[in-house]
Amino acid sequence: MPDRKFSAPGRTELAGNHTDHNRGKVLAASVQLDNIAVVQKREDNIVFFRSAGFNDITVDLTDLDPKPQETGKTEALIRGIAAELNRRGFNTGGFSANAASTVLPGSGLSSSAAVEVLICFIFDSLYGEGKLSPLEIAQISRYAENAYFGKPCGLMDQIACAAGGVVAIDFKNADFPIIKQISFDPAAAGYALCVVNTGGSHADLTADYASIPAEMKAVASFFGKSVLAELEKETVISSVSEIRKALGDRALLRSLHFFDENDRVDAMTNTLIKMENTGKHELFGFYLDLVNESGDSSWKLLQNVYSKGAPQGAPHDFPKSQGISAALALTKDFFRRQKLQGACRVHGGGFAGTIQVYIPLDVINVYREYMEKVFGAGSLTQLQIRQKGVMELRLKP
């Protein structure tokens, strides 16, 4: 039986920071960094998953109940994806996979979502008819991460990894989000799209992440709604005093971020479409202004630039350890001193990890040297937008 080869890309969030879980809007893209796996179908119900740098994993698919001891582990993703496929009427079975990833954990490029959609796609390719849509793959993967892995994520990461290219997504209808493909290449406007890894671990930040959708939904619940997408911003503004009294200022501020970020996604999407249709790259300056607005809103309103609690292994003076804040401040200072137009924002979930930067191509090496002196060699990664989502690789002989 010949080996089969599969690839799932990581993703970068372009706009829509923490909006998907309240059925908002996002703009995201798959990137060239990926998870790859060489796979053999098995005759039993065992999944053997080997990934470079990690312990081997064995999952028996005859038992698909959640296992508390697997919370936060890849075993939970495999078991949860198989369970949801079975619930939807799809067949599953065993396989052996030898995998490797260039999507580094904690990089903000959704290494977990890339693994999830890769596993789901392998199951569908080996035991289904390979007909699952990107949305179905994303939904099944998200279910496994929520119900088995134990992380209350939205659906943006999985859609971006499954669909490929740049996608604008409107989650107002949670079951059938509107997904629009957009053509975008920052290099055509003379810019590099980068992430800078500031260090820090996401391992102990689940409570920080969970607090964001919880507080946004608490504001919605204040008005008898389930998510903020069911409200208008003016409704919230009209009851500011009551919300502050009942839920506190942070919940209010996070709800305001949600509404403003939705508007920014629309504006950024429309700008990219105009650039594509007209070829006028001078519009990119307006796009960069919106990226900076998104970053400022995440810092000041959403408040996911650093954690108020100390994760395990953090330095004794943790409140003074704010890598993302430092990276954003240094990047803004670099723009001012170099007298150039650029943009930066917290990337992905936040609290630790990466920032996203648009930097003119002719100064990227200067910026790289500047940031790597602070955050270490290899901390800056230049991204390229990958046009294909999760896929089977058919290599020519």
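Reader: Which residues touch the most other members of the largest nonpolar core?
Author: Ile78 and Phe123 do, in a core of 41 residues. Helix H2 (residues 111–127) gives the most to this core, with 12 residues. A second, separate core of 28 residues includes Leu33, Phe284, Tyr287 and Leu383. Please keep in mind that this is a predicted model, where local features need pLDDT of at least 70 and side-chain atom pairs count only at pLDDT 80 or more, while totals for chains, interfaces and linings use all residues. Residues are numbered from 1 along each chain as its sequence is written, and side-chain values use heavy atoms, with hydrogens and water left out.

Reader: What makes a set of residues a nonpolar core?
Author: The members are buried Ala, Val, Leu, Ile, Met, Phe, Trp, Tyr and Cys residues, joined through side-chain atoms within 4.5 Å. Buried means under 20% relative accessible area, exposed means over 50%, and partly exposed is in between, with a 1.4 Å probe and protein chains only. Contact means heavy atoms within 4.5 Å. Leaving aside residues up to four places away in sequence, Ile78 touches Val47, Phe49, Ile57, Val59, Leu61, Ile119 and Phe123.

Reader: Why is helix H4 called largely enclosed?
Author: Eight of the eight residues of H4 (residues 156–163) are buried, so the rest of the structure largely encloses the helix. Those buried residues pack against E1, E2, H2, H3, E6 and strand E7 (178–182). Helices (H or I, at least four residues) and strands (E, at least two) are DSSP runs, numbered from the N terminus. Just after H4 comes Gly164, with a positive phi near 85°.

Reader: How do you know which strands pair with E2?
Author: Two strands pair if DSSP finds at least two bridges between them. Strand E1 (residues 4–15) is joined to E2 (residues 25–41) by 10 bridges, in antiparallel fashion. Seven bridges link E2 to strand E5 (residues 95–101), also antiparallel. Five bridges link E2 to strand E6 (residues 166–170), again in the antiparallel sense. For individual bridges, Pro9 partners Asp34 in E2, Ala37 partners Ala99 in E5, and Ala29 partners Val166 in E6.

Reader: Why do Cys120 and Cys161 form no bond?
Author: A disulfide is a pair of cysteine sulfur atoms within 2.5 Å. The sulfur of Cys120 is 12 Å from that of Cys161, its closest cysteine sulfur, and this is too far for a bond. The structure as a whole holds zero disulfides. Cys120 has a relative accessible area of 0%, so this residue is buried. Cys161 also has 0% and is therefore buried.

Reader: What makes the pair of Asp34 and Arg386 a salt bridge?
Author: A salt bridge needs a side-chain nitrogen of Lys or Arg within 4 Å of a carboxyl oxygen of Asp or Glu. In this pair the closest N and O atoms are 3.6 Å apart, and a salt bridge is formed. Asp34 lies in strand E2 and Arg386 in the loop between strand E11 (380–383) and strand E12 (391–393), so the pair ties together parts that are 352 residues apart in sequence. Both residues are buried. By this rule the structure has 25 salt bridges.

Reader: Is the salt-bridged residue Glu129 buried or exposed?
Author: Glu129 is exposed, because its relative accessible area is 63%. Its partner is Lys131, with N and O atoms 3.0 Å apart. Lys131 has 64%, so this residue is exposed too.

Reader: How do Arg264 and Glu293 fit the rule?
Author: Their closest N and O atoms are 3.9 Å apart, and they form a salt bridge. Arg264 lies in helix H8 and Glu293 in helix H9 (residues 284–302), so the pair ties together parts 29 residues apart in sequence. Arg264 counts as buried at 9% relative accessibility, and Glu293 as partly exposed at 40%. Salt bridges with shared partners join Glu13, Glu261, Arg264, Glu293 and Arg345 into one network.

Reader: What is the nearest side chain of opposite charge to Glu145, and how far away is it?
Author: That is Lys151, 4.1 Å away, and Glu145 has no salt bridge although it is buried. Lys and Arg count as positive and Asp and Glu as negative, while His and the chain ends are not counted. Glu145 is found in helix H3 (residues 134–149).
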